[in-house]
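The following paragraphs lead through one protein structure, beginning with a pair of helices and moving on to its sheets and to two loop residues. Please keep the sequence and the coordinates at hand while reading.

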Amino acid sequence: MMTAAREVIDCDVVIVGAGVAGLATAISLAQRAQAAGQAHHIIVLEKAARVGGHILSGAVIDPIGLDILFPQWRNMGGPLQTQVRNNSFQFLTHNHAFTVPHWLLPRQLRNDGCYIGSLGALTVWLAEQAQALGVEIYAGFPAAGLLYNEHCAAIGVITADSGRLKDGTHAAEYMQGVAIHAKYTVLAEGVRGSVTKRALRHFDLLKDASFQQHGIGFKEIWEIPAAQHRAGHVVHSIGRPLKNNTGGGGFMYHYGANLVAVGYVVHLNYTNPHLDPFQEFQRYKTHPSIAAALQGGQRIAYGARAISEGGWQSVPRLTFPGGALVGCAAGFMNVPRIKGSHNAMLSGIACAAALHEALSSGRAHDELSAYEDGWRAGPIGQDLYSVRNAKPLWSRFGTLLGMMFAGADMWVQRLCGASLFGTLKHQSSDSMGLKHANMCPKIEYPQPDGVLSFDRASSIHLANLQHNHAQPDHLKLRDASIPIEQNLPLYDEPAQRYCPAGVYEIVQLDGVPQLQINAQNCIHCKTCDIKDPAKNITWMVPEGGSGPNYVNM
């Protein structure tokens, strides 16, 4: 049986991912071409069914990137309308919240000039601006892999097939993926993207980087009574419910029409396999200071996403023959600020400058060295360098001492221009940190009350999941025996707990434990790809349009 020839589309630049990094790259490149009287053919691929459908962030947004792309954005009807008015940093005990005086906070922990809103809504708005500049955006078309030429340079991507069945045969609606050939390929997939993972290995981009670190971030949107709403109020907190030796913290942002974004981040280098990050988030909301703000409110959205936390030390080489990494694919998250969107946009703008120079010179498939050579001395490097020791100190000394040392380090750098600690390295990957289950105390989590705390099933319902059950599994086990023969006896199979969507379950079949994978529950957080102690799980892109359909997250 002959296979039909694959459709090929040619362009100048293909960008994988329609988040703020990918769209900033496309917009800035189109603007530069327009100013020079040129036209670059730019294609942006997005795996969600619609732009913004897979976007999740806190979000307090530093508008530095927006100010560069659109200096008049505040008058252009954009979605960011609530400016930060006051900022509170708290340490939580069992029943109390102790506020750190604002004057004592390092500059990096302040939010002056920032806006509260939905990163998803901002992404939709940016997509509209990009299309107005002639950028082509294709939602529901995930990139499945890179294409290479005979010199091993990237020459584009191939999109995922659709209509394949679990056994590999084709359904009636089968459509073969398209080959998109480009002079340059930009990977803007976000944290732990499947194409980015392969590019990192293929081009050895991590050889000079420290271990990447990650967290799992949860977010809910609540509509609360007007009397409790404080537009522009930002709260960040550390402490309870997590113990001192487990990193993480919470946030609560008041914005819009009586809306509150409440969320929690658990650092994925935790050691107790009995810990359940989802349940820690539920416990966080029952703290008196958080519960008081949510009382009488209604939860209207839920989601979760892995975030990068390695910072300066963990950024890989950004460029490779024929392409580059931007945004969270490169790990530009600023952990103390709990912000990455500003650096994502700045990286897209910097990458666009290198792309425009290359295209204008008639180049193709070479390395955009100007982008790699310039980022550390630019605003992204300055932002990350001053906080580079915060995460290592937190990991080494725990929440109390670690944050005190980190704060002192940031102040000393501000006042003296040098760090107390030099540049600390990360000691191991997140998958290596778990202790054996019999060495750690079990954690008893309370039953959800349905008012402030909820179960996984009702939560993922709010993520508006879409998934074709007939498609091949996108969660791959390197060795199917490991979950039961290794992870269960050693770690009580932690996938049951670290997954925020109940994808992994241990079930009994004739009295024998089996791992059941509920792929239809997957919200594309990528935590399983990061935390599995045997590094046995690989997250791959499913059919286009699968996964959550977040609205204004």
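In this predicted model, the crossing of helices α1 and α3 is left-handed. The contact between them is made by Val 20, Leu 23 and Ile 27 on the side of α1, and by Leu 119, Leu 122, Thr 123, Leu 126, Ala 127, Gln 129 and Ala 130 on the side of α3. Sorted by character, the residues of this contact comprise eight nonpolar and two polar ones, with no charged residue. Helix α1 spans residues 20–35 and helix α3 residues 119–132, and the two pack at an angle of about 20 degrees with their axes 10 Å apart. Because angles under 35 degrees count as roughly parallel, α1 and α3 are described as roughly parallel to each other.

The next element to consider is an open sheet of seven strands, which follow the order β6-β5-β15-β16-β17-β14-β18 with mixed pairing. The strands β6 and β18 (298–308) stand at its edges with a single partner strand each, so one side of each is left without a neighbour in the sheet. Direction ignored, neighbouring strands of this sheet are turned by 20 degrees against each other on average.

Within this sheet, strand β5 (residues 86–92) is mostly covered, since five of its seven residues are buried. Strand β5 pairs with β15 (residues 233–239) in the parallel sense over seven bridges, and Ser 88 stands opposite Val 235 of β15. Strands β5 and β6 (residues 97–100), by contrast, run antiparallel and are joined by four bridges, with Ala 97 in β6 as the bridge partner of Leu 92. The connection from β5 to β6 is a hairpin through four residues. Further along the sheet, β16 (residues 248–255) and β17 (residues 259–267) pair in the antiparallel sense over eight bridges, and Gly 248 is found opposite Val 266 in β17.

Two helices lie across strands of this region. Helix α5 (residues 277–285) lies across β5, β14 (214–223), β15, β16, β17 and β18, and runs at about 135 degrees to β17. Helix α10 lies across β5, β15, β16 and β17, running at about 95 degrees to β15.

A separate open sheet is formed by three strands in the order β3-β7-β4, and its pairing is antiparallel. Its edge strands are β3 (60–61) and β4 (82–83), each of which pairs on one side only. Strand β4 pairs with β7 (residues 115–116) in the antiparallel sense over two bridges, and Gln 83 stands opposite Tyr 115 in β7.

Two loop residues complete the tour, and the question is whether each is buried or exposed. Ala 48 has its place in the loop between β2 (42–46) and β3, and its relative accessibility of 0% is why Ala 48 counts as buried. Not counting residues up to four places away in sequence, Ala 48 touches Gly 53, His 54, Ala 139, Gly 140 and Gly 545. The C-alpha atoms of Ala 48 and Leu 325 are separated by 20 Å, the two residues being 277 residues apart along the chain. Glu 444, for its part, lies in the loop between α10 (390–416) and α11 (456–461), and because its relative accessibility is 67%, Glu 444 counts as exposed. From Glu 444 to Ser 481 the separation is 37 residues in sequence and 28 Å in space, taken C-alpha to C-alpha.

Key:
Residues are numbered from 1 along each chain as its sequence is written. This is a predicted model: local features need pLDDT of at least 70, side-chain atom pairs count only at pLDDT 80 or more; totals for chains, interfaces and linings use all residues. Side-chain values use heavy atoms; hydrogens and water are left out. Axes are lines fitted to C-alpha atoms, for helices over the stretch in contact, and angles run from 0 to 180 degrees between N-to-C directions. Angles under 35 degrees count as roughly parallel, over 145 as roughly antiparallel, 65 to 115 as roughly perpendicular and the rest as oblique. A crossing is left-handed if the near helix is turned anticlockwise from the far one by less than a right angle, and right-handed if clockwise. Contact means heavy atoms within 4.5 Å. Ala, Val, Leu, Ile, Met, Phe, Trp, Tyr, Cys and Pro count as nonpolar, Asp, Glu, Lys and Arg as charged, and the others, Gly among them, as polar. Buried means under 20% relative accessible area, exposed over 50%, partly exposed in between (1.4 Å probe, protein chains only). Two strands pair if DSSP finds at least two bridges between them.
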